[in-house]
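User: Hi! I am new to reading protein models and would like a close look at a single part, explained step by step. Could you walk me through one sheet and then show me what lies elsewhere in the chain?

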Amino acid sequence: MNPSADYHSTAKAEDQVLEELGDIDLEGKNDKTENVEGQRYEPNFGKGQSFPLDVQEAVLTSCSVKTLLRFKSVSKSYYGLIKSKRFIMEHVKHSVETNTNLNLILTHTVCPVSTSEESWYGQLFIGSLDTTNTSSLEVPLRKIDQPFTDWEQGTDTPFIGSCIGLIALRNSSGSIAVHNPSTKENYHITSFWLGEFDVKDDVCDGFGYNPVDDDYKLVRMIQRRGNIERTEIRVYSFKEGYALEYETEKPFYLGSSCADACFSNGRLYWLVASGPQEDVQDLILSFDLSTAQISSGKIPIDTSGDVYAVFLFPFAGSICVSCVDDGHGSFCQIWKLKDTVNDKKKATVSWERLSFRKNGVFGDGCDFVKPLAYSKCEDKILVDTYNGENEAWNLYRYDQIDKLGHGPISINNVPKGPRDSAICIETLVSFRKIDDEEAESSSKEEEKEVSWLLKSEGDGA
């Protein structure tokens, strides 16, 4: 990554972008391009002038999704460019490389280190890190208008995971939905989980992206009661629209406490146990979304001693493992996965330790530290912490120069009780297919709204 500024106020001056582009050919009279998927577009501007294509795209890829949704109404060619898969992935790439367009997601979780029985009943909250004021130490959050309404009846809606701006959810009846918080689009899967399983079966899910096939996938692993030596694996392809089933007898055990997977670099990762009687997971399990190959390796934490909870989470383009222990040491045990090399017989896993001092840095009694995201300059890290003495979860900004945690960061309107935190980038990724005729028709209707959209400061969605 080559970030160049702090993540809290990026000041790309999106409101000035329209001024830079000048008078736009709203009627599309100078627009000679056709709306064809994959074609490079070159919108024309007032008085017959045209900005170079690379300049136009450089400006647009640095914009937020909110601004791009408004810009779709500028002209047919802009509509086609912003809807094209190539541009969408360029926008994602820019966001990842510059640590911009980052959202914080908070959701309820069953926490093994907490005795609290409070529930969020499926509510999820999201807040932009790009618009956060550094000096105020506050992240404004809003409730996600998610596709399931089970939580309204007091039923939980588990958060499976986040991948390239999309979040996967399941409800109490086992239905799956993928939601884009930026565009508010939903994709429901109604026929994935064929067959039934007992409530005592061990089940865990994962959501990720296979760059080789350009395909999002959902993976479910099941170990049935009375036959935990065999693992059923079901993989749903969004591209193909159907699921494949696999079986493996590799020696690992999900257990009732197995959490859903984390995604990184074309693989899904779970924490699993090496034996059925293990109290703490001591293996990391990898599932390659391209080859469906399963491999496992030991985590770098000794779980035979004082460790009583281990956590897995994505960070800085990789996977990290951390723990809560009874040793109350000065430094956190946080290890980052450096590389996984697979061959036909085994996987070789290497790790590096991240240095986080917890005593006196994140308040007294800090038991767990979870790094979430770097700032644009990579001199600060947003971290989530847990204090077991007062059952408190707090966010801090950890300064890598002075080695201090600044905070806690204020977050409002969030329920109490155990929570999980995740980072989700803003994206235009959509599963909705639009043909040329529909896109052209839609663009004509949208162009009628340009006069007020260009002046509006409200949501573009």
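What follows is a walk through one sheet, strand by strand, and then a visit to a few other places. My request is this: in the sheet with the order β20-β21-β22-β23, what is the pairing of the strands?

Analyst: Happy to help! Please keep in mind that this is a predicted model.

Let us begin with the overall layout. The sheet you ask about is open and has 4 strands, and the pairing is antiparallel. As a general point, strands of a sheet pair through backbone hydrogen bonds, and the sense can be parallel or antiparallel. At the edges of your sheet stand β20 (366–374) and β23 (404–409); each has a single partner strand, so one side of each is left without a neighbour in the sheet. On average, neighbouring strands here are turned by 30 degrees against each other, with direction ignored.

Now look at β21, which covers residues 380–387. It pairs with β20 in the antiparallel sense, over 7 bridges. You can find two of the partners yourself: Y374 has I381 in β21 as its bridge partner, and V369 has T385 in β21. The hairpin of β20 and β21 has 5 residues between the strands, and in this hairpin E378 takes a positive phi near 60 degrees.

With its other partner, β22 (residues 392–399), β21 pairs over 8 bridges, again in the antiparallel sense. Here a good place to look is Y386, which stands opposite W393 in β22. β21 and β22 also form a hairpin, with 4 residues between them. In that turn, E391 has a positive phi of about 50 degrees.

Is β21 buried or exposed? This strand is mostly covered, with 8 of its 8 residues buried. Try following the directions of its side chains: K380, L382, D384 and Y386 point one way, while I381, V383, T385 and N387 point the other way. The residues in both of these groups are buried.

Next, let us turn to the aromatic rings. A search of the whole structure finds 11 aromatic pairs. One of them is formed by Y187 and F238, a tilted pair with 5.2 Å from centre to centre and 50 degrees between the planes. This pair links distant parts of the chain, 51 residues apart: Y187 sits in strand β7 (residues 185–189), and F238 is in the loop between β10 (227–237) and β11. Y187 counts as partly exposed because its relative accessibility is 22%. F238, with a relative accessibility of 9%, counts as buried.

Another pair brings us back to your sheet. The ring centres of F362 and Y398 are 5.8 Å apart and their planes are at 45 degrees, so this pair is tilted. It too links distant parts of the chain: F362 belongs to the loop between β19 (347–354) and β20, whereas Y398 is in strand β22, 36 residues apart. Both F362 and Y398 are buried.

Y187 also takes part in a wider group of rings. Together with F207, Y209, Y216, Y236 and F238, Y187 forms one aromatic cluster.

The strand that holds Y187, β7, leads us to another sheet. This open sheet has 4 strands in the order β4-β5-β6-β7, with antiparallel pairing. Its edge strands are β4 (159–163) and β7, and each pairs on one side only. Neighbouring strands of this sheet are turned by 20 degrees against each other on average, direction ignored. Inside the sheet, β5 and β6 run antiparallel and are joined by 4 bridges. One place to check is L169, whose bridge partner in β6 is A177.

Between β5 (166–170) and β6 (176–180) there is a loop that contains G174. G174 counts as partly exposed because its relative accessibility is 24%. The C-alpha atoms of G174 and T190 are separated by 9.5 Å, and these residues are 16 residues apart along the chain.

Our last stop is on the surface. Y242, L244 and Y246 form a nonpolar patch there, with about 280 Å² of accessible area together. Y242 lies in strand β11 (residues 242–248) and is partly exposed, with a relative accessible area of 43%.

To retrace the main route, go back to β21: β20 pairs with it over 7 bridges, and β22 pairs with it over 8. Enjoy exploring!

Terms used. Residues are numbered from 1 along each chain as its sequence is written. This is a predicted model: local features need pLDDT of at least 70, side-chain atom pairs count only at pLDDT 80 or more; totals for chains, interfaces and linings use all residues. Side-chain values use heavy atoms; hydrogens and water are left out. Patches are made of residues with over 30% relative accessible area and no salt bridge: like charges are joined within 9 Å, nonpolar side chains (Val, Leu, Ile, Met, Phe, Trp, Tyr) within 5 Å. Accessible areas come from the Shrake-Rupley method with a 1.4 Å probe; for residues, only the protein chains shown count as cover. A salt bridge is a side-chain nitrogen of Lys or Arg within 4 Å of a carboxyl oxygen of Asp or Glu. Buried means under 20% relative accessible area, exposed over 50%, partly exposed in between (1.4 Å probe, protein chains only). Two strands pair if DSSP finds at least two bridges between them. Axes are lines fitted to C-alpha atoms, for helices over the stretch in contact, and angles run from 0 to 180 degrees between N-to-C directions. Rings of Phe, Tyr and Trp (its six-membered ring) pair if their centres lie within 6.5 Å; planes under 30 degrees apart count as stacked, over 60 as edge-to-face and the rest as tilted.
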